[in-house]
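Got the model open in your viewer? Let's click through it stop by stop.

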Amino acid sequence: MIFSRANIGTFLTSLAIQACGLVTGVLTARILGPHARGELATVMLWPVILSNLGLLGCNWSLARAVAGEPERESDQVCSAVVLGLAASAVFSVLGYFLLPRVLPADRAHLLPLARLCLFLIPLDMFNQILLAIEHGRMRWQRFNVVRASYFLFYAGTVLLIWSGHRGQVRWFVWAFLASQLLAVFLRLWVQRKSFANGKPSLVECRRLLFSGLPFWGAAAGNMLTLQIDTVLVVSLMSAKAAGIYVVASAFSNAQFSLGDALGITSFAVLSNEKQIGNQQKILTETFRQSTLLSAGLALLLSCLIPFLVLLFFGSGFTQAVRPAIILSLAASFTASSNILNQGLRGAGRPYAGLTSQLLGTGVLVLAAAFLLKPFGLMGMAWAVALSACTQVIVLVAFAANWLNISLINFWPFGASSVRSFYRQVATLRMRFLRSPA
């Protein structure tokens, strides 16, 4: 199940993206240091949140629409782009007036850079909408190429900053925006035939908007869950603490490749699968096998973190070690819940993810209220871990109830699940790379 051609190709692309993230993360931390790294996180935080909210879920509804009606792809692309550009204008104006109110008082001098970063909103929304077309049509090779393009461009621009000894936050903001723009040009070229042949339609825009609203709620919940810890740290702690927390969080991204790849393919496969029995098989087997793998990776990484922090980021970030270990273990739960959440979205049930994320966010905020002041970054890390556990429990309970099966079907650490996993690993051959998804 998890060793299909689509999963392997998407996983390898995610690994390449993660390698780019490692390069850019290490260079950014070493060039800027803890304080300036925290300032960069402050500048980019709200534009990133607004760009994801501004999609209004139309990227998910678009992916499902082209999966169901592939013959109308060109018209759907053009309509989605028109809708996305209109939404980006609204959210950019909102961001312009919101930023002075959400920036910490000691970092008010960063307002011009934060407003410059708002150009991310139309660029990222355009990129996400065009990527959704390849996702829904399951054109995995093209999907992975365009998905990786931004990260490759950004890694290249950060290397230029490093070679030119430009140690200011503003250079990283310009690199961030330039990389997004280059990715836009690439995706325009890939979809040039759709733009030439398609026509935007008000009816199609309205349909995408209303069908996307449930997914927007789920996406908003996901964004809130992923960013609320950073929002709290940036807002309530010093710039130096924010920079250290960003480095600690980077180790939790070690689970990114697995959760991202299996989540992407689960959504697309379940969008195209109508038989409830097959949906049950896909959801349960993918969840069990991925949870086993992510748990093993988290334990291994936790043992290596004390050495990796000093090796990659330097002695200025040694305070990130203990929070990084907790966040890495929590990320194994986050990866599993993301895979299950994406699968349920693909089956047309986005509200389960929204419910789990809202409950998880509530747990995180409540735990942070008690733990952040006495324990600092360690308190935030434990709050994230409690939130991740809550989300995966809620999602498993919802999926079991929907499929009318026992919760035991999702238990990954039973003898049969372990044997099945190792049997797949043992029989993995190059022929799997040539098999259909």
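Select Glu-69 to begin: this residue is partly exposed, because its relative accessible area is 26%. (Buried means under 20% relative accessible area, exposed over 50%, and partly exposed in between, with a 1.4 Å probe and protein chains only.) Now add Arg-72, which makes a salt bridge with Glu-69, the closest N and O atoms sitting 3.7 Å apart. A salt bridge here is a side-chain nitrogen of Lys or Arg within 4 Å of a carboxyl oxygen of Asp or Glu. Arg-72 is partly exposed too, at 25%.

A word on what you're viewing: this is a predicted model, where local features need pLDDT of at least 70, side-chain atom pairs count only at pLDDT 80 or more, and totals for chains, interfaces and linings use all residues. Residues are numbered from 1 along each chain as its sequence is written, and side-chain values use heavy atoms, leaving out hydrogens and water.

Next, pick Glu-134 and Arg-142, another salt bridge, with closest N and O atoms 3.1 Å apart. Glu-134 is buried at 1%, whereas Arg-142 is partly exposed at 31%.

Then jump to helix 12 (residues 276–313), where Lys-281 and Glu-285 lie four residues apart, about one turn of the helix. (Helices are DSSP runs of H or I, at least four residues, and are numbered from the N terminus.) Their salt bridge has its closest N and O atoms 2.8 Å apart. To see a network joined by shared salt-bridge partners, select Glu-73, Glu-134, Arg-137, Arg-139 and Arg-142 together. The total count is 10 salt bridges.

Time to go inside. The largest nonpolar core has 75 residues, and Leu-62, Phe-251 and Met-380 have the most contacts inside it. Such a core is a set of buried Ala, Val, Leu, Ile, Met, Phe, Trp, Tyr and Cys residues joined through side-chain atoms within 4.5 Å. Helix 9 (residues 202–236) supplies the largest share of this core, 10 residues.

Stay on helix 9 and select Gln-227. Is Gln-227 buried or exposed? Gln-227 counts as buried, because its relative accessibility is 18%. Leaving aside neighbours within four places in sequence, Gln-227 is in contact (heavy atoms within 4.5 Å) with Leu-45, Val-48 and Ile-49.

Last stop: the cysteines. How many disulfides are there? The count is zero, a disulfide being a pair of cysteine sulfur atoms within 2.5 Å. Try Cys-205: the closest cysteine sulfur, in Cys-58, is 9.2 Å from its own, too far for a bond.

Methods
Helix = DSSP H or I, 4+ residues; strand = E, 2+ residues; numbered from the N terminus.
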